[in-house]
Each structure stands twice: as C-alpha cells, then as structure tokens.
Amino acid sequence: MNSAAFLEDFHHVATIGATSNNGVDRQAATAEDAQTRDWFAGWVRDAGWELRVDGIGNMFGLLEWTPGAPYVLIGSHLDSQPLGGRFDGAYGVVAAMHAARRLDAEIAEGGAAPRFNLAVVNWFNEEGGRFAPSIMGSSVFAGLLPRERMLDVADLQGITVREALDGIGYLGTSEGPDVASYAEIHIEQGRILEREGITIGLVDSSWYTQKLDIEVLGEQSHTGATAMADRHDALVAASKIILMVHDVTQDFADEALVSSVGQLTLEPNSPIVVARRVHLVADLRSGDPDIVKAARAKLIADIDVLARAHDIKVNVKDFDIRPIRRFPEAGLELADKVAADLGLSSRRIQTMAGHDSVAMNTVAPSVMLFIPSVDGVSHCEREFTTDADMVTGVDMLTGVARQLIGGALAESSPRPAEGVA
Ligand code: HGY
Ligand code: MN
Ligand code: MN
C-alpha cells in the first residue's frame, strides 16, 4: 500500500479550513466543507469512479466491478466541529479512498470480480454543530430521519440545510447505492487504546444518547433600574440548569453518565438588559439506558422546582434519542481475524461518540474500527493521531473491505436497537 500517497492526501485535507492551532473548522455545508467536497469529487473522478450526490448531500464514489451487484460502503465524514480536530471523520474518508484504490488495483491486476461492488462515502453533517441533530446524512440515508424535514432544519442564522447545500452546489438528486454492508474507521476519541497500547479497536456497541432542548423564558428588564425582587432573569436560571446537567452525573457511579451543555443562545444579549430568553442544548450519554432515563427524570423534576422558585417558564424537549446499537458478532470476528492476520493487537470497545456506522448498522451489517487518539482528545484543535497509527488503520480497513466485497456478512443482518423507550 502506498502510505506516502495516503499521508499526502490526509495532510492536504487537513489544510482545508485549517485553524491557527492545528485544528480545522469545516462545518456542514460551509465554504470550507465545499472545498473538501470539491477535493473528494475531483479525486473520485480522477480515479475513474462514478460520483453520486444524493438529496441530503451525501457523496459516493462508486467502483462497479460486478454489474448490478450491491455495494459495500466504506467511509466517514469530512465535516468538522467548529474549531475541531483534523482527524475526526476526515481520517476515515481518506482511509476509505485509499483502501478502495488498493482493492481496485488488486482486481485490475487479475483478481476475479468480487461478489459485491464498493463505494466510498462522505456523509453529510455527521457532526451536527451547525445543523442539529448530528449523524444527519447517514441517518437520512438509513431511513432514520425524514429527508424533507432535515432539509428544513435551520442554523442559528436561520439558513436551512436545503439553502446551504444548494448554495455550495451539493444538493444532489441521485439515489445512493444499494448497500450490502458497511465499514468505517475512526479515531477512538477516548484513551483506552492508547492506555492499553492496543492498535485497533473493534467497536461492539454504541452508548445510549439523548439531547435535551431547553428553553428558559424570563422577562427583559433594565439591569440598572429594576429592583432585584422584580427581575425574571432567564440567564440566572439557565446558569443553574447548566450546573444541574453537570452535577446529575454525581448521582451515579464514576463516569457511568456523561453530560454537558455545549450550546447556549442568549436574548437579547445586551450588557444593560436582564435576559429574557436562553436556549440550551444538553447532551446525556451512558452505557446504561436506565441511567440516562433516571438522570433525565431528575433534571426535569428539578427544573420544574427551579422555574417555580424563579417565577419563570422553562420548556424542555427530548431530541436525538439514540438507543444502544450492537454491531454484528460476525463482523467483530471478521475484523478480529483481519487484525490477527496483519499481526495487529486489537480489543473490543464501546463507542461513546456517535458515528455514521451507528446509523448504517440499522440497515446493513456494519463494522466499526478505531485507531488510537493521543490523550483521547477530540472535538478540539489538540486532537492528534500518529501517521503510523493512521497508516496501520488503512491496512486494517483494506483487509476488512476485501472480506466484505468477497461476500462476508452477506448473510448477517442488523441487530435491533436496545434501550428504546
Ligand atoms: O454525536 C456525536 O457523538 C458525533 O460526535 N457527532
Ligand atoms: Mn466523527
Ligand atoms: Mn465528531
């Protein structure tokens, strides 16, 4: 495998939307996202593969070796968080492009046409930083989210997904390929592989996740002239809610529940006006659905008490509820054997972060692979993974994809979700 070519492509993509602290800012359907999309499209065309863009901006590079056969999909996402890391998602897309190119060369050199074809995919808006929810493009593709409703989702400036995709020329009209199975490789975004000195993570399940959309409604007034007894300060109440979201984790075993409020909007956001409205998004995750549900119930009860005490109104809505999804045993065993044949250490591991594979695993047998993250840092400019680990991961993905196009997992079926309300 030509590691130098892979590394050259990866480090080139990292220059697109690069920030001054070694991160990237390529939020979904922005000009920077468009630049990586143009790069992906040009690379696919230069490779002689068919390029397709579907109705939610997912991009596919198709290699058809066996006319009419379904496709094994391999890929990830090129969009990033604001001031995010240059590895999250982009690594998996560039790795998939190079894995596909290797398999294409093997088949061209005399390999028999495999049972299944292969497609490389760049999923739209996996990150969900600009347009919520995250994992949008792959969830629409998997039929988990309705496309028309997602196209109407607006960002904080009121621009819709439809307008943004159309504005960068990536509101496609094609249908995606018929899927036989899916594989994705991604940085771990945690510290387990690094701590244990293990090269490859074999993801066996995803954490139960849900978001809370919280609207705090007070009353606007003069910060200087209004008596304290007369104030209905939405920001004071919101601040207490933010701490509640953090503190509820202490009701459970260490690290059993993770939660934060990551997004806050404030109205009218004037230094001389008591806030009338604050909008918050809280993210709650656990390996145990009952823990998230118990934490949610406590938060709703405590917020109700707070609203009364402050004589304000708080609206709380659930959204982006993701049950635990287990990846097929046959895929884990397949990946375990590929790693062993390559002489790589591996271990089974859960993912706390969401991924496109979590959506794809609902419609096609999927394999999700990790490579180590230095310090486990992600969604941060400090995110880092070594060239050596990235190159090893491309070998791993190529080995798994080679099995999948040969028909492995063809008889497997996706597993039902767990922890569904
Ligand atoms: O939602 C997630 O966990 C992903 O990072 N977008
Ligand atoms: Mn990601
Ligand atoms: Mn991410």
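These questions and answers set values from a predicted model against the definitions behind them.

The model is predicted, so local features need pLDDT of at least 70 and side-chain atom pairs count only at pLDDT 80 or more, while totals for chains, interfaces and linings use all residues. Residues are numbered from 1 along each chain as its sequence is written, chains are lettered from A and ligands numbered from 1 in the order in which they are written, and side-chain values use heavy atoms, with hydrogens and water left out.

Q: What makes strand β3 largely enclosed by the rest of the structure?
A: Buried means under 20% relative accessible area, exposed over 50%, and partly exposed in between (1.4 Å probe, protein chains only). Six of the six residues of β3, residues 71–76, are buried, so the strand is largely enclosed. Strands (E, at least two residues) and helices (H or I, at least four) are DSSP runs, numbered from the N terminus.

Q: Which residues point each way from β3?
A: Tyr71, Leu73 and Gly75 point one way. Val72, Ile74 and Ser76 point the other way. Both sets are buried.

Q: Why are β3 and β4 called paired?
A: Two strands pair if DSSP finds at least two bridges between them. Six bridges join β3 to β4 (residues 117–122), so the pairing criterion is met. The two strands run parallel. In β4, Asn117 is the bridge partner of Tyr71.

Q: What is the hand of the crossover from β3 to β4?
A: This β-α-β crossover is right-handed, and the chain passes through helix α3 (residues 90–108). Right-handed means that, with the strands pointing away from the viewer, the path from the first strand over the helix to the second runs clockwise.

Q: How do you know that β3 also pairs with β5?
A: Four bridges link β3 and β5 (residues 179–187), against a requirement of at least two, so they pair. The sense is parallel. Leu73 stands opposite Tyr182 in β5.

Q: Why is His186 called buried?
A: Its relative accessible area is 1%, under the 20% limit, so His186 counts as buried. His186 lies in strand β5. Contact means heavy atoms within 4.5 Å. Leaving aside neighbours within four places in sequence, the contacts of His186 include Ser76, His77, Asp88, His355 and Met368.

Q: Is Val24 buried or exposed?
A: Val24 is buried, because its relative accessible area is 0%. Val24 sits in the loop between α1 (3–13) and α2 (31–46). Val24 and Leu83 are 59 residues apart along the chain, yet their C-alpha atoms are separated by 5.7 Å. Beyond neighbours within four places in sequence, Val24 is in contact with residues including Ala14, Ile16, Leu83 and Arg86.

Q: Why is Asn22 called exposed?
A: Its relative accessibility is 52%, over the 50% limit, so Asn22 counts as exposed. Asn22 is also in the loop between α1 and α2. Phi of Asn22 is near 70°, a positive value in a residue other than glycine.

Q: Why is Asp375 called partly exposed?
A: At 40% relative accessibility, Asp375 falls between the two limits, so it counts as partly exposed. Asp375 is in the loop between β14 (366–371) and α12 (387–405). Asp375 has a positive phi of about 65° although it is not a glycine.

Q: How do you know that Glu381 has no salt bridge?
A: A salt bridge is a side-chain nitrogen of Lys or Arg within 4 Å of a carboxyl oxygen of Asp or Glu. Lys and Arg count as positive and Asp and Glu as negative, while His and the chain ends are not counted. The nearest side chain of opposite charge, Arg86, is 9.2 Å away from the buried Glu381. The criterion is not met.

Q: What joins the side chains of Glu381 and Thr19?
A: A polar contact of 2.6 Å joins them. The term means a pair of N or O atoms within 3.5 Å; within protein, one must be able to donate a hydrogen and the other to accept it, and residues adjacent in sequence count only if both atoms are side-chain atoms.

Q: What makes Ala410 partly exposed?
A: Its relative accessible area is 25%, so Ala410 lies between the buried and exposed limits. Ala410 is in the segment after α12. Leaving aside neighbours within four places in sequence, Ala410 is in contact with Arg115 and Phe116.
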